[in-house]
Amino acid sequence: MKYLFLILLAGSMASCDCYQNVEGTVIDENGVALSGVTVYKTSKDWIKAETDSLGYFELSSTSGGLCGCPPMTVTAKKEGYATTEVEIPNAGKETIVLKKTN
């Protein structure tokens, strides 16, 4: 009976869900905010946002995590710029720099 309880307890801890929320700004190499950049959770590309006129975005997702939420890996993509992948800590804010392609 004691072992069954421990197994159930360990299983419930392993399946904890957490609410991930990250935000940031996308700029070019000159520090100019980029609007119209698609930013999405790399592992779930349907969780996405488009940057506004100030380059701002916000993404939210539910994710599994043991004893806390893992960071979210996001991809920023815009035509004419190199696609960039960045890891953002949960509840974190990041500035993403996109470089023009030749």
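Q: What share of the 102 residues of the chain counts as buried?
A: Welcome! This is a predicted model, in which local features need pLDDT of at least 70 and side-chain atom pairs count only at pLDDT 80 or more, while totals for chains, interfaces and linings use all residues. Residues are numbered from 1 along each chain as its sequence is written, and side-chain values use heavy atoms, with hydrogens and water left out. Buried means under 20% relative accessible area, exposed over 50%, and partly exposed in between (1.4 Å probe, protein chains only). By that rule, the buried share of the 102 residues is 31%.

Q: In what order do the elements of the chain run from the N terminus on?
A: Helices (H or I, at least four residues) and strands (E, at least two) are DSSP runs, numbered from the N terminus. The chain has 1 helix and 7 strands. From the N terminus on, their order is α-β-β-β-β-β-β-β.

Q: Which strand gives the most to the largest nonpolar core?
A: A nonpolar core is a set of buried Ala, Val, Leu, Ile, Met, Phe, Trp, Tyr and Cys residues joined through side-chain atoms within 4.5 Å. The largest one has 17 residues, and Val26, Val39, Phe57, Leu59, Val74, Ile96 and Leu98 touch the most other members. At least two residues each come from S1, strand S3 (44-50), S4, S5, strand S6 (84-88) and strand S7 (93-98). With 3 residues, the strand that gives the most to this core is S5.

Q: Which residues is Phe57 in contact with, leaving aside its neighbours within four places in sequence?
A: Phe57 is one of the core residues that touch the most other members. Contact means heavy atoms within 4.5 Å. Leaving aside neighbours within four places in sequence, the partners of Phe57 are Glu23, Gly24, Thr25, Val26, Val39, Ala49, Thr51, Ile88 and Ile96.

Q: How many residues apart are the two cysteines of the disulfide, Cys18 and Cys69?
A: A disulfide is counted here as a pair of cysteine sulfur atoms within 2.5 Å, and Cys18 is joined to Cys69 with an S to S distance of 2.2 Å. The pair links distant parts of the chain, with Cys18 in strand S1 (residues 17-28) and Cys69 in the loop between strand S4 (56-64) and S5; their separation is 51 residues.

Q: Is Cys69 buried, partly exposed or exposed?
A: Its disulfide partner, Cys18, is buried, with a relative accessible area of 12%. Cys69 has a relative accessibility of 26%, so it counts as partly exposed.

Q: Which side chain makes a polar contact with the side chain of Thr75?
A: Thr75 lies in strand S5 (residues 72-77) and is buried, at 4% relative accessible area. A polar contact is a pair of N or O atoms within 3.5 Å; within protein, one must be able to donate a hydrogen and the other to accept it, and residues adjacent in sequence count only if both atoms are side-chain atoms. At 2.7 Å, the side chain that makes this contact with Thr75 is that of Thr42.

Q: How far apart in space are Glu85 and Val74, C-alpha to C-alpha?
A: Glu85 sits in strand S6 and is exposed, at 54% relative accessibility. Its contacts beyond four places in sequence are Thr42, Thr73, Val74 and Thr75. Glu85 and Val74 are 11 residues apart in sequence, and their C-alpha to C-alpha distance is 5.6 Å.

Q: What is the phi of Ala91?
A: Ala91 is in the loop between S6 and S7 and is exposed, with a relative accessible area of 64%. Although Ala91 is not a glycine, its phi is positive, at about 65 degrees.
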